[in-house]
Amino acid sequence: MKNIYFDHAATTSVKPEVLETMLPFFTEKYGNPSSIYSLGRENKKAIDDAREKVAKALNALPKEIFFTSGGTEADNWALEGIAFANQAKGKHIITTNIEHHAILHTCKFLEKQGFEITYIPVDNQGIVHIEDIAKAIRPDTILISVMFTNNEIGTIQPIKEIGALAKEKGICFHTDAVQAIGNIPIDVKDMNIDMLSLSGHKFYGPKGVGVLYIRDGVRIYPFMNGGAQERGKRASTENVAGIVGLGKAIELATENIEQYNAKLMKLRDRAIKEILEKIPYSRLNGDEKNRLPGNVNISFEFIEGESILLMLDMKGICASSGSACTSGSLDPSHVLLAIGLPHEIAHGSLRLTFGEENTDSDLDYLLETLPPIIEKLRAMSPLYDTFIKNGRI
């Protein structure tokens, strides 16, 4: 049976070059980076080298790069760290209603601590409008957090313009760029970004390691206390192998980004065109062009996304759904609801995210496999049967 992976927004494999770089740090290079003997000093240098690679990829300073356990930790730290360090100035935070749950759940936590959160709505393409953010700014606003690009529908936000607005108003600006790294060139200085979160496993690096970029001068509380690691802001013995792997992965991900994007966009555009042509009562979610190079999110009426996933899996295709079925929730995606989809259509969504190893033949197989699956599921749907009987087909 075929095994085709179309879920790179969920995670990626570790590139062989990245794994090769990491392996020595599990065996002979096992020293604690805080130790003063050579085995420790060598590992401290390996961390510093990785820090420089991340800084170069973002056009940041090495001292502005702080390693974390992943994107979720980085998001939590960004919001909580700014909130508690600056609450004397104000307790108002602005974000959007389509953020990752690492942001939204942290905002809910902060609301319980007395902070006030404004959730800016997006338009039907998933784009937040700068004038809506501007209207929401108050004298006590201390942070604006807007994701760089959405993990479900792939919509890219006007980050540089939002950052410029925040800078003009003297407000700290954070962006969750977990889905953007390796897909979009990022310059934190040019884009007016004060803080940025990323995660290694989204760009062919290891799981369990991420980064929070914190612009020099930003006032933020430490994430954990108990040691001097990460310049006293994030205690705990460093995940040396993971950090080294992330450094190598981001170096590889940013050196051929234009060629990589061109390949993904070709697959993306063909997939969107042919799926919409071959399958009636389907619609693209998110902006057609202003989206991640490898992201396709399409809703199919009269069926549920989890059924599509199970039948694709039986054919050897890995994909994702816009519904939250994998989390045990019966609610559809908050992102799809936010762009105006009714519950019944939001439930029937499919997300395909292409990656480096995907080929035209992989897409050929998907385009052969998907239409019969949709047809079979609709044949079992009482909603579809009613639709036909009403003579609207």
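Trainee: Hi! Is glutamate 111 buried, partly exposed or exposed?

Mentor: Glutamate 111 counts as partly exposed, because its relative accessibility is 31%. Buried means under 20% relative accessible area, exposed means over 50%, and partly exposed is in between (1.4 Å probe, protein chains only). Keep in mind that this is a predicted model, where local features need pLDDT of at least 70, side-chain atom pairs count only at pLDDT 80 or more, and totals for chains, interfaces and linings use all residues. Residues are numbered from 1 along each chain as its sequence is written, and side-chain values use heavy atoms, with hydrogens and water left out.

Trainee: Cool, which side chain does glutamate 111 meet in a salt bridge?

Mentor: Lysine 108, at 3.6 Å from N to O. A salt bridge here is a side-chain nitrogen of Lys or Arg within 4 Å of a carboxyl oxygen of Asp or Glu.

Trainee: And where do those two sit?

Mentor: They are three residues apart in helix H4 (residues 101-112), so about one helical turn separates them. Helices (H or I, at least four residues) and strands (E, at least two) are DSSP runs, numbered from the N terminus.

Trainee: How many salt bridges does a search of the whole structure find?

Mentor: It finds 20. One of them joins arginine 51 and glutamate 230, at 2.8 Å from N to O. That pair links distant parts of the chain, 179 residues apart.

Trainee: Are arginine 51 and glutamate 230 buried or exposed?

Mentor: Both are buried.

Trainee: New topic: what about strand E2, which residues cover its two faces?

Mentor: Ile65 and Phe67 lie on one side, Phe66 and Thr68 on the other, and all are buried.
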